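Hi there,

Here is the structure I promised to pass on to you. Have a look at it first, and then read on for my notes.

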2 protein chains.
Amino acid sequence: LDQGESERAYDLVEPLHPADIADLFELLDPSDRPLLASAITDLMSADVIAEMNDHVRELLVEDLPAEDIAEIAEQLDTDDAVAMLEDLDEEDQQAVLAEMEPEDRAAIESALSFPEESAGRLMSRDFVAVPEHMTVGDLTDYLRKSRELPTEFWEVFIVDARHHPVGTCLLSWILRAPRSVALVDVMKRDQTLIPVGMDQEEVALRFQKYALISAAVVDESGRLVGQITVDDVVHIIQEEAGEDALLLSGAGDGDINEPLPQTIRTRMWWLFINLGTAILASSVVALFEGTITRLVTLAVLMPIVTGMGGNAATQTMTVTVRALATNQLTSSNTWRMIVREWWIATANGWGLGALMAIACQLIYHDWWLSFVLLLAMILNSLNAGLSGVLIPMGLNRLKIDPAVTSTVFVTTMTDTLGFFFFLGLADLFRLSA
Amino acid sequence: LDQGESERAYDLVEPLHPADIADLFELLDPSDRPLLASAITDLMSADVIAEMNDHVRELLVEDLPAEDIAEIAEQLDTDDAVAMLEDLDEEDQQAVLAEMEPEDRAAIESALSFPEESAGRLMSRDFVAVPEHMTVGDLTDYLRKSRELPTEFWEVFIVDARHHPVGTCLLSWILRAPRSVALVDVMKRDQTLIPVGMDQEEVALRFQKYALISAAVVDESGRLVGQITVDDVVHIIQEEAGEDALLLSGAGDGDINEPLPQTIRTRMWWLFINLGTAILASSVVALFEGTITRLVTLAVLMPIVTGMGGNAATQTMTVTVRALATNQLTSSNTWRMIVREWWIATANGWGLGALMAIACQLIYHDWWLSFVLLLAMILNSLNAGLSGVLIPMGLNRLKIDPAVTSTVFVTTMTDTLGFFFFLGLADLFRLSA
């Protein structure tokens with residue numbers, strides 16, 4: 001379609017929502033993206049850029065001159081502008097900032113001074129705050145007259161003389177109250193304040209828990225410095241919740257638009273570490289080479305013991321990681337969770353162990369071999385259940401993200417001990433053909 | 001704390017937000033929950049019940065008489081009331097509905113008539129809709145006078161005579177416009193309408209994509225029948241995104257408050273199916289018992305080939321499942337994704353295969369064995385990459401949720417073929433000690 005027919009492309013793209021245009025760029029082959037961009041220059045609004053996937057945006061933005069980026073950044077809310085600029089390298093960032101209006105530059109520089117993924121990066125500096133003495137009528141008049149307001153806002157913050165928030169008014173309350181009523185009589189005093197340094201994951205959990213639409217952000221001294229709205233948080237909730245699956249699998253951020261060399265590096269590094277685990281498990285098998293030589297059936301059955309352990313451990317580990325991420329698992333129910341997983345592991349170990357032992361007996365007619373298989377499966381199931389719950393919890397207590405690191409440790413436990421239980425017991429009972 | 005000292009418990013709980021009280025119930029041991037509930041009866045507002053985890057709520061609600069449940073349901077928004085009632089069995093549901101006011105009952109019955117997890121269940125029937133001819137002043141007067149309005153709303157829907165939505169006004173626009181302006185001049189005509197039968201996952205993706213705060217829900221004939229607000233959607237986004245990790249691991253919905261027997265059933269069923277996979281892999285090993293007897297080192301090295309394949313496949317599979325769930329992967333970039341994974345698999349297979357082959361040579365001083373290991377790792381890496389991307393895509397095309405079923409098929413491929421490649425090549429080259 002983009003082979004010369006740029007006018008037709010323009011007509012097709014024109015009626016679309018900015019978010020849809022952004023999606024279109026992601027679906028296109030990377031080499032076609034600049035073509036489309038130049039065909040629809042005047043549709044390439046700041047909103048389209050803001051909606052794009054990080055990697056796609058980075059590639060497109062890198063090709064633009066600093067003035068153009070500055071112009072786009074000025075049209076965006078502070079938080080979206082920051083998201084665009086934080087991907088650039090230091091030098092380009094300075095060049096863009098130099099091209100911007102002093103006021104916008106100051107806002108972005110102050111946002112960039114907060115740590116990545118903190119409330120300070122996420123918040124917008126455009127919000128409506130009014131003093132305590134106003135009535136509903138005063139506020140309505142102020143809103144009608146003032147030109148500098150954000151186009152969309154959901155609540156008005158009421159602040160005292162030191163700019164500390166004292167309450168908040170939803171717009172629906174203001175609309176329904178008579179003009180003469182004082183704001184302090186309509187406002188809610190109890191509001192969720194977000195400290196500027198709070199991690200974005202924590203911000204998202206708070207929005208979700210208290211069903212917030214927007215919330216005031218305060219600095220260390222308690223002054224109102226910004227607001228966060230739910231539409232910025234929705235992306236984070238989605239990313240953070242989906243991230244666990246990707247991190248547990250070692251696929252990094254798993255973005256299909258990430259440049260290939262970077263993806264290969266991330267994934268190979270993970271596989272390399274896991275090879276270490278596999279080598280450890282192998283050396284346990286090597287210890288029992290003699291035992292396997294006496295009864296080669298052991299080599300046939302051993303993947304069943306470790307496979308079942310690995311799957312059971314993955315279940316427990318995933319549940320634990322998700323429960324930790326959503327703050328459902330705290331010190332007060334840790335013990336209940338461990339006991340719970342112990343019972344699940346016991347049930348699975350006995351149930352599936354017995355099943356496999358019977359099957360083994362029917363095929364190989366070897367009571368001792370079947371007994372060893374049963375015992376190894378019960379032991380490895382308990383090992384899997386406890387590793388799956390204790391390793392993520394322990395890592396979490398050590399302030400290490402359990403989603404990133406649990407899999408390696410848990411697999412090591414189930415594989416290494418799985419082979420050890422099965423082959424060790426076989427050796428102990430001197431099994432042979 | 002709950003041993004008799006119910007008054008102290010009351011004082012401690014009183015200052016908490018309903019969402020925090022709900023959390024407290026979840027953290028408590030199941031046997032202590034009714035004790036706390038009876039200690040703080042008057043704090044057990046409808047909001048607390050609405051915020052509770054499904055399983056915890058179900059257990060508590062089951063103990064209450066039908067009148068009490070009806071009373072709670074009447075205080076709730078339709079969507080929260082439906083969430084509470086849909087857990088009950090048919091008979092109890094009817095008993096509760098019989099106790100309710102006719103109007104509330106009708107609303108809930110109509111919500112229950114929509115399929116589970118659809119927009120119809122999610123929407124609230126409390127919204128503000130006004131005719132086209134109104135001015136901003138008319139609307140403000142109407143809002144001030146009317147008693148039947150929801151307490152919180154974010155936009156006003158403008159409807160024509162047939163109750164079809166024609167536009168929407170954010171409250172911030174209304175507040176800032178002069179009284180004499182007609183609503184049709186302030187409103188936005190372009191709005192996202194949600195069909196009443198849309199799946200909740202699709203609703204959530206739409207809210208996220210267009211950064212919506214609320215949206216109108218319309219029936220088949222295009223009439224406005226309800227609204228969905230972002231706070232109801234946030235839970236779904238979080239659940240649906242986090243769900244993939246749990247489904248891929250076979251842990252069901254992975255709720256730590258689920259009754260134990262139900263959890264054991266879900267998990268054991270999954271492990272049972274995976275045992276089938278393990279048995280299949282074992283029988284491949286059994287085919288080559290003779291080969292292993294000639295060179296027992298093969299049994300030592302074979303877990304490395306399948307382990308590496310399994311990990312690589314899990315990475316690819318998770319990325320594919322997430323990309324499908326977030327609509328990032330469509331028919332237009334399918335081919336690019338497959339080629340991408342092919343390159344990643346090639347890089348991993350050669351890189352890590354070479355590494356292991358060198359290590360193998362250093363330890364066992366057997367050129368042919370090292371060569372077989374290299375070849376098997378390259379082949380299994382390609383097998384893993386292609387299975388990881390093609391299996392979820394194929395399942396998705398067959399309208400089967402790839403998160404639920406991919407793991408079994410992908411593991412079968414990497415384990416079975418992994419053993420086959422390694423032992424088959426060893427047999428082909430007649431390796432022996």
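Which hand does the crossing of α15(A) and α18(A) have? The crossing of these two helices is right-handed. Before I go further, please keep in mind that this is a predicted model.

**The α15/α18 pair in chain A**

Helix α15 of chain A covers residues 230–249, and helix α18 of chain A covers residues 297–325. The two pack at an angle of about 145°, and their axes are 11 Å apart. On the α15(A) side, the residues that meet the partner helix are A:Glu240, A:Ala241, A:Asp244 and A:Leu248. On the α18(A) side they are A:Met317, A:Thr318, A:Val321, A:Arg322 and A:Ala325. Sorted by class, the residues of this contact are 5 nonpolar, 1 polar and 3 charged.

**The α7/α9 pair in chain B**

In chain B, I looked at helix α7 (residues 78–85) and helix α9 (residues 102–112). Their packing angle is about 65°, with 10 Å between the axes. Angles of 65 to 115 degrees count as roughly perpendicular, so α7(B) is roughly perpendicular to α9(B). The crossing of α7(B) and α9(B) is right-handed. From α7(B), the contact draws on B:Thr78, B:Ala81, B:Val82 and B:Leu85. From α9(B), the contributors are B:Ala107, B:Ile108, B:Ala111 and B:Leu112. The contact of α7(B) with α9(B) has 7 nonpolar residues, 1 polar residue and no charged ones.

**How the two chains are related**

What rotation superposes chain A on chain B? A turn of 180° does, with 0.0 Å of shift along its axis and an RMSD of 0.1 Å. This is therefore the relation of a two-fold axis. Within chain A, A:Ala245 has the C-alpha nearest the axis, at 2.1 Å from it. Both copies use the same surface, as 100% of the contact residues of chain A recur in chain B.

**One residue at the chain boundary**

I also followed up B:Asp20, which sits in helix α2 (residues 18–27) of chain B. Apart from its neighbours within four places in sequence, B:Asp20 is in contact with A:Lys209 and A:Tyr210. With A:Tyr210 there is a polar contact between the side chains, at 2.9 Å.

I'd be glad to hear what you think once you have had a look.

Best wishes

Methods. Residues numbered from 1 in each chain as written. Chains lettered and ligands numbered in written order. Predicted model: local features only at pLDDT ≥ 70, side-chain atom pairs only at ≥ 80, totals over all residues. Heavy atoms only, no water. Axes fitted to C-alpha atoms, helices over the stretch in contact; angles between N-to-C directions. Helix = DSSP H or I, 4+ residues; strand = E, 2+ residues; numbered from the N terminus. Left-handed = near helix turned anticlockwise from the far one by under 90°. Contact = heavy atoms within 4.5 Å. Nonpolar A, V, L, I, M, F, W, Y, C, P; charged D, E, K, R; others polar. Parallel < 35°, antiparallel > 145°, perpendicular 65-115°, else oblique. Least-squares fit on C-alpha atoms with pLDDT ≥ 70 in both. Polar contact = N/O pair within 3.5 Å; in protein donor to acceptor, adjacent residues only side chain to side chain.
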